[in-house]
Amino acid sequence: MGVQVDRERCVGAGMCALTAPDVFTQDDDGLSEVLPGRAETTGGHPLVGEAVRACPVGAVALSAD
């Protein structure tokens with residue numbers, strides 16, 4: 001299981017990066033993104049689920065792949 005950020009939906013609140021900074025970051029425009037190499041390996045990360053719940057616009061989601 002992995003995680004993804006819908007950058008069209010993201011408003012740059014940064015809750016995911018604050019919750020799981022070793023998985024998420026924000027680009028120069030303030031939009032969230034998954035750190036390189038972390039998208040497919042984060043399903044078991046203890047704070048990813050919390051980051052999904054913390055996103056105020058639902059831009060962060062777990063993925064099946």
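**Salt bridges in a predicted model**

Biologist: In this predicted model, how far apart are Glu-50 and Arg-53 in helix H2, counted in helical turns?

Modeller: Helix H2 covers residues 48-54, and Glu-50 and Arg-53 lie three residues apart within that helix. The two residues form a salt bridge in which the closest N and O atoms are 3.4 Å apart. Because of their three-residue spacing in the helix, the separation of Glu-50 and Arg-53 is about one helical turn.

Biologist: Is Arg-53 buried or exposed?

Modeller: Its partner Glu-50 has a relative accessibility of 37% and counts as partly exposed. Arg-53 has a relative accessibility of 61%, and since the cut-off for this class is over 50%, Arg-53 counts as exposed.

Biologist: Which residue forms a salt bridge with Arg-7 at a closest N and O distance of 2.5 Å?

Modeller: Arg-7 sits in the loop between strand E1 (2-5) and helix H1 (15-19), while its partner is placed in the loop between strand E2 (24-26) and strand E3 (32-34), 20 residues apart. Arg-7 is partly exposed at 34% relative accessible area, whereas the partner counts as buried at 17%. The residue at 2.5 Å is Asp-27.

Biologist: Which residues are joined into one network by salt bridges that share partners?

Modeller: Glu-33, which is partly exposed at 31% relative accessibility, forms a salt bridge with Arg-7, with the closest N and O atoms 3.7 Å apart. That pair links strand E3 with the loop between E1 and H1, across 26 residues. Arg-7 also forms a salt bridge with Asp-27, and the network therefore consists of Arg-7, Asp-27 and Glu-33.

Notes. Residues numbered from 1 in each chain as written. Predicted model: local features only at pLDDT ≥ 70, side-chain atom pairs only at ≥ 80, totals over all residues. Heavy atoms only, no water. Salt bridge = Lys/Arg side-chain N within 4 Å of Asp/Glu carboxyl O. Helix = DSSP H or I, 4+ residues; strand = E, 2+ residues; numbered from the N terminus. Buried < 20%, exposed > 50% of the residue type's maximum accessible area, 1.4 Å probe, protein only.
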